Amino acid sequence: MTKSIDRLSFHFNGGYEFLTGSTQAERDGRCEFALGASYPVGAPTFTRATIVTDVFAEQPVTRGDSTVVGTEVGLRYQLTPSIVWDVGVGTEFAGPAKRSVFFAITGFSFGF
Amino acid sequence: MNLARSYEFNGIDFGHAHLAETLLKTRDQAPIERARLQVVDFIFSSPRVPPDEEQVAPTFHRLAWEVAKTFDWAHIFHRSLYDLFASDVADKEAVYRKLLDDYLAKAEAITPHRLDHHTALWSFAESKAFDQVH
């Protein structure tokens, strides 16, 4: 779900992830929610880079653990007409002790 | 398609969107002139990547989305035609007819009626402004 005000967009995403191979102490699925915002840096004359940030909450895999809550910020950059590069960093600031205090993620999307 | 032409189309697509957004928001000469100069600069920058027109012109795309769709289909049609002309397809006439039929079948594509430049279209006060100034 997205609501935009001029070029600033707010997003709310909800999902359910099916988990396979779970033990009895683990869930076979979990809910995930994210509330975020995005803004194209440099628009209107430059629309290749978009800053994205969000706050997310995920049910833990292990039953009885507390919900993982975190925040992340990233950049979505259009390298070519068919390739987009995404990069982001974040932290899980609430949840079980084994949560990630810092994480980084990057990837490419190809259009075909 | 010829790369230089393709980059030029990227610039022209930006021009349509940016000027539509600007004219929708204001009739003051200063921002319109600024937008026009930005369009010229953008075209001459030979942009390798097509602009995200929804980010170039967010108000235009939300307020006049049917017109925006018309532009989108026209852009796709134009690029398909130039791609065809640049290719070594044997029966270009047949492919052209197919592309034209597909384009005209789109609900949001511009009407197949002839444009009425000399009465309706140019009857608006601003219709000939660009022509007269430039």
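**Close-up views of a predicted model**

With 13 C-beta neighbours inside 10 Å, Ser46(B) counts as partly exposed. This model is predicted, as are all the views below.

**View 1. Ser46(B), a loop residue with positive phi**. Look in chain B, between α2 (29-44) and α3 (53-56). The loop joining these two helices holds Ser46(B). Its phi is near 45°. That value is positive, and the residue is not glycine. Why is Ser46(B) partly exposed? Its 13 C-beta neighbours inside 10 Å place it there, because partly exposed lies between the exposed limit of 12 or fewer and the buried limit of 20 or more.

**View 2. Asp6(A), an exposed residue with positive phi**. Now turn to chain A. Asp6(A) sits in the loop between β1 (2-5) and β2 (8-18). Phi here is near 55°, again positive in a residue other than glycine. Asp6(A) has 11 C-beta neighbours inside 10 Å, so it counts as exposed.

**View 3. A cis peptide bond before Pro44(A)**. Stay in chain A. Find the loop between β3 (29-41) and β4 (49-58), where Pro44(A) lies. The peptide bond from Ala43(A) to Pro44(A) is cis. Its omega is near 10°.

**View 4. Glu66(B) and Glu108(B)**. Back to chain B. Helix α5 (residues 65-86) contains Glu66(B). Only the C-alpha atoms matter for this pair: 6.5 Å separates them. Along the chain, the two residues are 42 residues apart. Is Glu66(B) buried or exposed? Glu66(B) is exposed, because 8 other C-beta atoms lie within 10 Å.

Terms used:
Residues numbered from 1 in each chain as written. Chains lettered and ligands numbered in written order. Predicted model: local features only at pLDDT ≥ 70, side-chain atom pairs only at ≥ 80, totals over all residues. Helix = DSSP H or I, 4+ residues; strand = E, 2+ residues; numbered from the N terminus.
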